[in-house]
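This report describes the fold of one protein and then turns to a single residue in one of its loops. The sequence and the structure are shown first.

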Amino acid sequence: MYLDDVKRILADVLSLGDAANSLTEQSPLLGSIPELDSMAVVNLIGALEEHFGFAIDDDEISASTFETLGSLTAFVEQKMA
């Protein structure tokens, strides 16, 4: 439901350009997209909070959240429920 929104935000924050077109729900994120470093994660969290209107606590964040585009989208869906 939120996959396209999360994908677009990820692409915008990381300035992925056309490379974002190949991202799917199964696309690995951390460790696979060089642009997704620790600072980019912080920026991505801020962009998700602003776009979707929720707050993310530090203890809600784990590496598994950023494992794939699908896991990040599932996290957003959980926050929106």
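Does Ser15 count as buried or exposed? The model is predicted, and in it Ser15 has 62% relative accessibility. Exposed means over 50%. Ser15 therefore counts as exposed.

The place of Ser15 is in the loop that lies between α1 (3–14) and α2 (38–52). Its backbone also deserves a remark: Ser15 is not a glycine, yet its phi is positive, at about 50 degrees. Most residues other than glycine have a negative phi.

**Overall fold**

The protein contains three helices and zero strands. Along the sequence these follow the pattern α-α-α. For 81 residues, a compact globule would have a radius of gyration near 12 Å; the value for the protein is 11 Å, which agrees with that expectation. The C-alpha trace spans about 30 × 25 × 20 Å along the principal axes of the protein.

**Burial, contacts and surface**

The following table collects values for the protein as a whole.

| Property of the protein | Value |
|---|---|
| Buried residues, as a share of the 81 residues | 38% |
| Residues 24 or more positions apart, as a share of the contacts with a separation of 6 or more | 61% |
| Carbon and sulfur atoms, as a share of the exposed area | 49% |

The exposed area to which the last row refers is about 4,700 Å². Ser15, as an exposed residue, lies outside the buried 38% of the protein.

Note on methods: Residues numbered from 1 in each chain as written. Predicted model: local features only at pLDDT ≥ 70, side-chain atom pairs only at ≥ 80, totals over all residues. Heavy atoms only, no water. Helix = DSSP H or I, 4+ residues; strand = E, 2+ residues; numbered from the N terminus. Rg over C-alpha atoms; globule rule 2.2 N^0.38 Å. Buried < 20%, exposed > 50% of the residue type's maximum accessible area, 1.4 Å probe, protein only. Contact = heavy atoms within 4.5 Å. Areas by Shrake-Rupley, 256 points an atom, 1.4 Å probe, with all protein chains shown as cover.
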